[in-house]
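Subject: Structure handover

Hello,

Here is the structure we talked about. Please open it alongside this message.

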Amino acid sequence: MANPEVQRIQQMLEEQGYITDRSIATSIYLAMRLGKPLLVEGPAGVGKTEIAKVMASALKTDLIRLQCYEGLDATTALYEWNYQRQLLYLKMEEHSDRSVEEKEATIFSEPFLLKRPLLQAITHHRAPVLLIDELDRADQEFESFLLEVLSDWQITIPEIGTIKATHIPYVVITSNRTRELSDALRRRCLYLWIDYPSFEKELAIVHTKVPGLEERLARQICGFMQIVRRLHLEKVPGIAETLDWAAALLALHRDHLDQATIEETLGVIFKHQEDAQQMKSKWLGPVLQELRALEEGGGEWNQSALVEIGQRLGARRSSTTGI
Ligand SMILES: Nc1ncnc2c1ncn2[C@@H]1O[C@H](COP(=O)(O)OP(=O)(O)OP(=O)(O)O)[C@@H](O)[C@H]1O
Ligand SMILES: [Mg+2]
């Protein structure tokens with residue numbers, strides 16, 4: 001039976017519009033309970049970043065986000081001195097009789113500090129959610145530095161001294177696996193893998209995020225997505241694309257899928273010319289035909305039936321092209 005605290009987390013997340021299952025809710029609960037960072041990996045657009053956002057709203061606390069990129073260094077993540085303010089201060093003090101040491105002590109004190117996300121998180125007045133987004137994009141050195149921060153929860157600024165965390169933040173780290181994160185980092189975290197959603201989960205997400213969509217159209221959209229994710233594409237569409245597409249079809253006042261509608265809106269789902277082209281020339285007809293057969297046959301719209309269709313179509317293409 002589900003732990004009541006896990007159920008409560010699941011309910012809190014769902015109240016924020018985040019559809020979740022017991023395993024995701026359990027990971028979040030344990031990360032919070034054990035005070036460990038939650039490392040979330042998975043393909044693009046499956047709701048990794050969103051976890052941190054909804055956690056912050058559910059806990060009614062602030063979200064502090066550190067977006068990682070190649071070349072991100074410790075200084076940018078921690079703090080910088082506000083040079084302009086320092087210069088202005090020195091200019092104003094040009095003719096004062098304060099000693100150089102006094103002026104120096106002033107311009108290297110806290111009011112002249114520009115707090116960057118890690119320092120902000122450590123000095124926040126209550127435990128925030130600290131989102132370290134797409135850590136795989138940062139360099140290995142930055143990861144090692146981060147490990148230190150995550151274990152000590154203190155930061156030393158040579159001119160000021162050591163600042164200890166007032167409240168330990170809830171940490172969510174996400175990665176798209178463009179490179180493997182170190183074992184040392186993994187050891188410190190609890191791990192959560194989020195895959196593409198099942199048909200049922202995606203349908204619930206669509207209904208939550210795009211209210212007003214006809215049930216039939218919502219099912220067709222999610223069924224379509226389940227099938228195309230099994231085809232051989234450059235970039236498999238995530239939930240983000242499903243939601244955009246649903247919103248686009250709603251804006252176009254459509255209540256069901258047809259070939260022309262899909263062709264007109266392909267750019268919402270497929271972001272590579274090759275994928276859009278392949279869909280148009282090869283897949284659209286067969287996928288629509290399968291969906292229609294499913295509807296007319298009164299067959300069940302469930303995950304396994306749709307996966308089976310996708311795999312069958314995918315295999316058909318492989319055998320004809322010899323891939
Ligand atoms: N379980 C869910 N419930 C509700 N909405 C969801 C869920 N999962 C994803 N979404 C929605 O899907 C979209 C994409 O989610 P998000 O940006 O978190 O993906 P991501 O995994 O961080 O993607 P990327 O790797 O591209 O950064 C968001 O609009 C989010 O609201
Ligand atoms: Mg993200």
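Below is what was found in it, part by part.

First, a caution: this is a predicted model.

Domains

The domain assignment splits the protein chain into two parts. Domain 1 covers 4–79 + 113–193, and domain 2 covers 199–315. Their C-alpha centres lie 33 Å apart. The two domains touch: seven residues of domain 1 and ten residues of domain 2 make the contact. On the domain 1 side, four of the touching residues are nonpolar and three are polar. None there is charged.

The ligand

Where does ligand 1 lie with respect to domain 1 and domain 2? It lies between them, because both domains give residues to its shell. That shell holds 19 residues. The closest are Gly47, Lys48, Thr49, Glu50 and Ala240. Three elements give two or more residues each: α3 (48–58), α10 (199–209) and α12 (239–251). By type, the shell has eight nonpolar, eight polar and three charged residues.

The sheet

Next, look at the open sheet of five strands. Its order is β2-β5-β8-β1-β9, and the pairing is parallel. The edges are β2 (63–67) and β9 (190–193), each paired on one side only. On average, neighbouring strands are turned by 20° against each other, direction ignored.

You can walk across it from the β2 edge. Five bridges join β2 to β5. Here leucine 66 stands opposite isoleucine 132 of β5. Four bridges then link β5 to β8, again in the parallel sense. Isoleucine 132 also has a partner on this side: isoleucine 173 in β8. Strand β5 (residues 129–133) is mostly covered, with four of its five residues buried.

At the other edge, β1 (residues 38–41) runs parallel to β9, and four bridges join them. One pair to find there is glutamate 41 and its bridge partner in β9, tryptophan 193.

Two residues with positive phi

Most residues other than glycine have a negative phi. Two exceptions are worth a look.

Tryptophan 153 has a positive phi of about 50° and is not a glycine. It sits in the loop between α8 (140–152) and β6 (154–157). Is tryptophan 153 buried, exposed or partly exposed? It counts as partly exposed, because 17 other C-beta atoms lie within 10 Å. A buried residue would need 20 or more.

Arginine 177 also has a positive phi, of about 65°, and is not a glycine either. Its place is the loop between β8 (170–175) and α9 (183–188). Arginine 177 has 10 C-beta neighbours inside 10 Å, so it counts as exposed. The cut-off for exposed is 12 or fewer.

A contact across the sequence

Last, find arginine 85 in helix α5 (residues 83–92). How far apart in space are arginine 85 and phenylalanine 112? Their C-alpha atoms are 6.8 Å apart, although 27 residues separate the two in sequence. Arginine 85 is partly exposed, because 14 other C-beta atoms lie within 10 Å of its own.

Where to begin

Ligand 1 is one place to start, as residues from both domains surround it. Then turn to the sheet and follow its order, β2-β5-β8-β1-β9. Finish with the loops that hold tryptophan 153 and arginine 177.

Best wishes

Key. Residues numbered from 1 in each chain as written. Chains lettered and ligands numbered in written order. Predicted model: local features only at pLDDT ≥ 70, side-chain atom pairs only at ≥ 80, totals over all residues. Pairing = 2+ DSSP bridges. Axes fitted to C-alpha atoms, helices over the stretch in contact; angles between N-to-C directions. Domains from an automatic or database assignment. Nonpolar A, V, L, I, M, F, W, Y, C, P; charged D, E, K, R; others polar. Near = placed C-beta within 6 Å.
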